[in-house]
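Colleague: I have just opened this structure and would love a friendly tour. Could you take my questions one at a time?

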Amino acid sequence: MPNTLYDALVAPHQNNASLLFRLKDRADWTYQDLLETAGRHAALLDSIGAGPGDRVAVQVQKSPEAIALYIACIQQGCVFLPLNTAYTAVEVEYFIGDAKPVVLVCDESSEVALNSIAKANNCNILTLNSDGTGALTTQAQTKSPRSEPHPRDEDDLAAILYTSGTTGRSKGAMLTHRNLLSNAVTLHKYWQFNDSDVLLHGLPIYHTHGLFVAINTMLLAGGSFIFLASFNTDDFIEYLPQSTTMMGVPTFYTRLLSDDRLNKELVRHMRLFISGSAPLLAETHVEFEARTGQMILERYGMTETNMSTSNPYDGERRAGTVGFELPGVEARLVDPESRKEKSTDEIGVLEVRGDNVFKGYWQMPEKTEQEFTADGFFITGDLAKRDADGYLHIVGRDKDLIISGGFNIYPKEIELLLDDQPGVLESAVVAAPHADFGEGVVAILVTRDGHSIDIEAIKSTASDKLAKFKQPKEYVIAESLPRNSMGKVQKNVLREQVKDTFT
Ligand code: AMP
């Protein structure tokens, strides 16, 4: 009986004894280790009554056993529900109440706090620690590995990933076997992954980037990982010479660039550097190429859509852009009011359609309906424009749009100008409530190490280059910008910090 993802990603490795995970302080794992552990986990899930369609919530540190649990869920037909390790017990309570999982797997250190929440929701609790120990492993070891998968077809759910929920309630994005497999097949081909690839992996595995983009693509390719608990510059400098590819968020690249050991020789064996999940500054792209001779390939995607666009593998990887639609993905830029499509260089809301796009939000039919158009495009909420050569540029989120005195202001346009000013490492532009204008523009600037910022000079440049309504009414100098674990600037935090600027 077919199981879409298992048959494509896992079954071909039944007799594959080659290396899968190289680990820092533990014995390496082969493909067979993964399949055997996943088979035992699947048998354990079976014994506690977790079957096809049941949710399995997982809030654990990164480990190969956690990936085996993901595979076990696919095999068992369950819906894998990974949770950010930073969520508190109160936050986890919401997800458990909403998704009603049959099992919650957590680190031993949070078992006490989560036990009563699990009990109240009739949910079993098992532990899994970063070193692979815990009740999940102990109990799974007593089982014989399941070898057969439960049948699952393309439209069945494989995972629910909750969105980071910076506005309103966090929503569970339902991803089907088709969504995940179609994207893995596309990326495998487009980025030319193969069985001699070694992917340097320092991303978290509760997010689409480190989980689906990295793991599913590599399972199709048959290569291996250097699987690190998280990003750490020293580790990356140590392992880059043994890797062929790396997937990172922009902060990985800025941190590597701030280390003098990053040079051409160090990355001699690398064939591909990929960046995504947050905007990569054009300057970082240019600096990285100058230092290493390698052009970072920037791609764009989101939890709901998997990956939608990518710079080309062969051909110009244009700094500051996210490239073109991936094969099988349609993208269009639309005016949210008139619904008319935008032309070259005009900013519109990005909408995407394709097998990569999720099925909807868990138990939120109205919300799902609102975020899809009548002809089946998902409204991403990202603002973008397409240049004359067809490259897409993400210019912000529509919720970041500032409306001052009735005029629309796209923060990115101002940030690009500010980033170019002497002494400025990076910037963020947000709105603060303003009695006259509704909203006023506030610029937050971070000083480049060893430099200083001349605000008067910046004001004068802004008044030369920007329409009056776009010019920041207030400048704030900050040590750094608040970022989440995926490197995204947390504009909601900045908005909160500057909310009294004009009162
Ligand atoms: P997430 O669902 O956590 O993956 O977040 C998705 C959001 O991250 C998108 O809607 C974009 O706002 C942002 N994003 C992802 N990749 C890029 C990129 N390459 N450039 C700019 N923004 C990005």
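**Cavities, a pocket and charged pairs**

Modeller: Gladly, and let us begin inside: the largest cavity has a volume of about 70 Å³. Please keep in mind that this is a predicted model.

Colleague: How many cavities of 30 Å³ or more does a search of the whole structure find?

Modeller: The search covers the whole structure and keeps cavities from 30 Å³ upward. The largest has about 70 Å³, and the second largest holds about 40 Å³. The number found is two.

Colleague: Which strands each supply at least two residues of the lining of the largest cavity?

Modeller: The lining consists of Val58, Gln59, Val60, Ala66, Phe80, Pro82, Leu83, Ile205 and Tyr206. Val58 and Gln59 fall in the range 55-59, while Phe80 and Pro82 fall in the range 79-82. Those ranges belong to strand S3 and strand S4.

Colleague: How many residues of that lining are nonpolar, polar and charged?

Modeller: Gln59 is one of the lining residues, beside names such as Val58 and Leu83. Gln counts as polar, whereas Val and Leu count as nonpolar. The lining divides into eight nonpolar, one polar and no charged.

Colleague: And which elements give two or more residues to the lining of the second largest cavity?

Modeller: This cavity is lined by Leu180, Asn183, Ala184, Leu187, Phe212, Val213, Asn216, Thr217 and Asn306. The elements that give it two or more residues span 177-190 and 208-221. By kind, its lining has five nonpolar, four polar and no charged residues. The elements you asked for are helix H7 and helix H8.

Colleague: Which residues lie nearest the centre of the second largest pocket?

Modeller: That pocket holds about 340 Å³ of space. Its lining has 21 residues, divided into ten nonpolar, eight polar and three charged. Nearest the centre are Gly202, Pro204, Tyr206, Ser230 and Ser485.

Colleague: Let us turn to charges. Which residue is the nearest side chain of opposite charge to Lys171, and how far away is it?

Modeller: Lys171 sits in the loop between strand S7 (157-162) and strand S8 (172-176). Leaving out residues up to four places away in sequence, Lys171 touches Leu161, Tyr162, Thr163, Tyr361, Met364, Lys367 and Glu371. Lys171 is buried yet has no salt bridge, because a salt bridge needs the nitrogen and oxygen within 4 Å and the nearest side chain of opposite charge lies beyond that cut-off, namely Glu371 at 4.5 Å.

Colleague: How many salt bridges does the structure hold, and how far apart are the closest N and O atoms of Asp155 and Arg178?

Modeller: Side chains of opposite charge can pair when their charged atoms come close. The structure holds 29 salt bridges. For Asp155 and Arg178, which form one of them, the closest N and O atoms are 2.8 Å apart.

Colleague: How many residues apart are those two partners, Asp155 and Arg178?

Modeller: Asp155 is in the loop between helix H6 (135-141) and S7, and Arg178 is in helix H7. Asp155 is partly exposed at 41% relative accessibility, and Arg178 is partly exposed at 25%. The pair links distant parts of the chain, and the separation is 23 residues.

Colleague: What is the N to O distance where Asp234 and Arg261 meet?

Modeller: Asp234 belongs to helix H9 (residues 233-239), while Arg261 is in the loop between helix H10 (250-257) and strand S12 (272-275), 27 residues apart. Asp234 counts as partly exposed at 46% relative accessibility, and Arg261 as partly exposed at 39%. Their side chains meet in a salt bridge with an N to O distance of 2.6 Å.

Colleague: Is Glu351 buried or exposed?

Modeller: The side chains of Glu351 and Arg339 meet in a salt bridge, 3.0 Å from N to O. Arg339 lies in the loop between strand S16 (330-334) and strand S17 (348-353) and Glu351 in strand S17, so the pair ties together parts twelve residues apart in sequence. Arg339 is partly exposed at 38% relative accessibility. At 1% relative accessibility, Glu351 counts as buried.

Colleague: Last one: which residues do salt bridges with shared partners join into one network?

Modeller: Here the salt bridges share partners rather than standing as a separate pair. The joined residues are Glu316, Arg318, Asp387 and Asp389.

Key
Residues are numbered from 1 along each chain as its sequence is written. This is a predicted model: local features need pLDDT of at least 70, side-chain atom pairs count only at pLDDT 80 or more; totals for chains, interfaces and linings use all residues. Side-chain values use heavy atoms; hydrogens and water are left out. Helices (H or I, at least four residues) and strands (E, at least two) are DSSP runs, numbered from the N terminus. Buried means under 20% relative accessible area, exposed over 50%, partly exposed in between (1.4 Å probe, protein chains only). Lys and Arg count as positive and Asp and Glu as negative; His and the chain ends are not counted. Contact means heavy atoms within 4.5 Å. On a 1 Å grid over the protein atoms alone, a cavity is a set of points where a 1.4 Å probe fits but cannot get out, and a pocket is an open set with protein on both sides within 12 Å along at least five of seven lines; lining residues have an atom within 4 Å of a point. Grid points are joined across faces, edges and corners, and a volume is the space filled by probe spheres set on the points.
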